[in-house]
Amino acid sequence: MSKNRLKLDWSIKAQAEDFKPAITRFRRYLKDKGLRESTINSYVDRVIRFLEYAQSDMPSAKKAQDFRDSLLARNLARSTVNNYAFAIESYYKMNGQEISFPFLERNNMIPYYFTNDEVLRVFSACTNLKHMAMLMTAFYGCLRASEVCNLDDEDLDLKSLTLRVREGKGGKDGIVYITEDCARILRHYLQARPPLEIDGLHPLFYTDFGRRWDRRDIHRMFVTYKKAAGIEKKGGVHVFARHTPATIMVANGCDIRVIKELLRHEDIRTTLRYAHVSDKTKRENYEHCLTL
């Protein structure tokens with residue numbers, strides 16, 4: 001029998017529940033600062049991952065830098081790294097420490113997007129009426145996942161084919177459009193779905209456990225149908241419901257200024273990232289417009 005000692009790590013790793021007092025205090029701190037609930041949840045989730053990485057609720061500044069370096073090493077989106085940085089900076093500030101990270105400027109790379117055929121394949125792979133209603137609402141409304149979660153029954157107007165978005169990005173409200181096809185699915189869904197009150201509100205979409213959907217749940221649900229549709233390219237529900245509709249509208253000749261309003265962008269430069277039309281579309285527009 002070998003007498004060589006096995007190299008095993010039996011140390012107890014700290015889990016999220018071990019940091020509950022610190023996270024509870026952080027959540028209260030953010031609430032006192034007036035942050036929106038969706039922003040608070042986002043910051044808390046990111047800080048929990050950081051504390052689990054650091055294995056401490058009072059990590060050193062070097063640990064914070066090491067964690068950020070690990071995010072960069074994973075080639076995460078710049079906006080994702082920035083959001084982690086904002087959350088971690090707020091956590092240290094709550095504890096009376098000031099740390100800061102360099103802000104990563106958004107690059108102008110063409111976003112991922114799905115083709116018309118791939119969108120239809122996702123819809124075809126969906127066999128659940130509620131999921132179909134959610135995916136169509138997200139796609140045709142050009143909604144962020146968090147905005148889908150926040151929808152209430154009173155936000156939907158099937159006569160005017162509109163949705164009211166409450167507290168979207170930056171805390172702004174807005175009105176978005178849906179198509180008649182989307183409205184038809186929503187009518188079927190509402191006929192099958194009993195109303196439910198949660199915290200005095202009637203969510204348009206709720207889980208089978210009687211709670212509001214979380215944006216991460218929507219992402220996982222979308223990825224399930226993307227795989228079922230045999231689509232292997234990168235991109236989650238944000239690509240599906242934001243990048244893809246914008247790209248399709250550009251390819252079909254929609255004015256970029258109109259797309260800016262439909263996506264509720266603050267800056268036209270954000271919308272211009274979607275102005276990557278196909279050679280076929282460019283050729284058609286060229287031949288149509290450059291005539292004597």
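**Close-up 1. Salt bridge between K260 and E261.** E261 is exposed, at 53% relative accessible area (exposed is over 50%, buried under 20%, partly exposed in between; 1.4 Å probe, protein chains only). Its partner K260 is buried, at 17%. The two side chains meet in a salt bridge, 3.3 Å from N to O (a side-chain nitrogen of Lys or Arg within 4 Å of a carboxyl oxygen of Asp or Glu). This is a predicted model: local features need pLDDT of at least 70, side-chain atom pairs count only at pLDDT 80 or more, and totals for chains, interfaces and linings use all residues. Residues are numbered from 1 along each chain as its sequence is written, and side-chain values use heavy atoms, with hydrogens and water left out.

**Close-up 2. E147 and its salt bridges to R144 and R264.** R144 pairs with E147, the closest N and O atoms being 2.8 Å apart. Both R144 and E147 are buried. E147 also bridges to R264, at 2.9 Å between the closest N and O atoms. That pair links distant parts of the chain: E147 lies in helix α7 (residues 145–150), R264 in the loop between α11 (256–263) and α12 (268–271), 117 residues apart (helices are DSSP runs of H or I, at least four residues, numbered from the N terminus). E147 has 2% relative accessibility. R264 is partly exposed, at 22%.

**Close-up 3. The two sides of helix α5 (residues 116–125)**. Its buried residues are E118, V119, V122, F123 and A125. They fall within an arc of 165° seen down the axis, so they line one face (the arc is that of directions from the helix axis to the C-beta atoms). The face turned away carries the exposed residues L120 and S124.
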